[in-house]
Amino acid sequence: MTAFDAVGRASLARATARRGLRISLVALLGLAGVYVLALGYTPVELRQGPAQKIFYLHVPAAWSALIAFSLVGITSALYLWLHDPRLDRFAASSAEVGVAFSAVMLTTGPIWAKPIWGTWWTWDARLTLTLFLFFLFIGYLALRASLHDPEERARFSAVVGILGMLLVPFIHLSVYLFRTLHPQPVVLKPSAPSLPPEMLRTLLVSTAMFTLLYVGLVTLRYGLALAEEARDEAADGA
Amino acid sequence: MAPEPPQNVGYLIAAYIVAPVILVGYLATLWARVRRALGG
């Protein structure tokens, strides 16, 4: 790798990161719009009260986290086949962003559960599996941080990424497979969505904004991976 | 008479603060890491 390559990579990293930052800021602005929609225009659910509106953050955060971890698995499998470092870079980025969305899911969930279930947490199948998936990807990131050879790091973490992805459909179906306190899906199910139109609209807008934020954060994190590679190459060349 | 919904707005406020704190905090951290990696 020449010094010219490192400079080129640094400028690509800067452009990618800036694009990611712009997309993320637009998504956060859209999320502010979701707050207005959820708090100002969407009706209060009669049985659950205002706490039901936590749903408009919790469900899209869960959606983004599960999409993120699914894409880690898919790109990891493709990496093991094609050995393209871009796939590994994407998998690492998606895993880290997925952990951030999981943190939102795992904090807003208990805040909703306390007034509705009367407890912050219960060790049922859906909650336990989701927590396990979160720790699995914390382990994925720790594994990446502990390995210094890029090829070895990519290969080992790809295996963990694929194992993590295998949990995702199981988590989605866990409310059907086990007796659980967690509500059943209201949108992603074989029959039509079982939500009033105002609530469904707010949920879909919020899901679109969270998905856009996922795209922005992954692009920014991908730019960071490029920047770190450029820095390491420049240090090696010096 | 229709029953009144439960009064639990405090939980709603807590969740609506926690979520953006995590997401904006992560975004700010990522941007700071990019700037550090690119040398400011």
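Which residues have the most contacts inside the largest nonpolar core? Keep that question in mind while you move through this predicted model, beginning with one whole chain and ending at a single residue.

Select chain A and colour it by secondary structure: you should find 6 helices and 0 strands, so that, read from the N terminus, its elements follow the order α-α-α-α-α-α. Turn the C-alpha trace of chain A along its principal axes, where it spans about 65 × 35 × 30 Å, and note that 41% of its 238 residues count as buried. Among the contacts in chain A with a separation of 6 or more, 80% join residues that stand 24 or more positions apart.

Next, show chain B as well, and look at where the two chains meet: 36 residues of chain A are in contact with 24 residues of chain B. On the chain A side, the elements that give two or more residues are α1 (3-41), α2 (55-82), α3 (85-117) and α6 (197-237). This side of chain A divides into 24 nonpolar, 5 polar and 7 charged residues.

Now select the largest nonpolar core, which has 72 residues, and in which I54(A), A61(A) and A227(A) have the most contacts. Two or more of its residues come from each of α1, α2, α3, α4 (125-146), α5 (150-177) and α6 of chain A, and also from α1 (9-37) of chain B, while α3(A) gives the largest share, 15 residues.

Finally, centre the view on I54(A): leaving aside residues up to four places away in sequence, it touches T108(A), I111(A) and W112(A) in chain A, together with Y11(B), L12(B) and A15(B) in chain B.

How values were computed. Residues are numbered from 1 along each chain as its sequence is written. Chains are lettered from A and ligands numbered from 1 in the order in which they are written. This is a predicted model: local features need pLDDT of at least 70, side-chain atom pairs count only at pLDDT 80 or more; totals for chains, interfaces and linings use all residues. Two residues are in contact if their C-beta atoms, placed from the backbone, lie within 7 Å. Helices (H or I, at least four residues) and strands (E, at least two) are DSSP runs, numbered from the N terminus. Ala, Val, Leu, Ile, Met, Phe, Trp, Tyr, Cys and Pro count as nonpolar, Asp, Glu, Lys and Arg as charged, and the others, Gly among them, as polar. A residue is buried if 20 or more other C-beta atoms lie within 10 Å of its own, exposed if 12 or fewer, and partly exposed in between; C-beta atoms are placed from the backbone. A nonpolar core is a set of buried Ala, Val, Leu, Ile, Met, Phe, Trp, Tyr and Cys residues joined through C-beta atoms within 7 Å.
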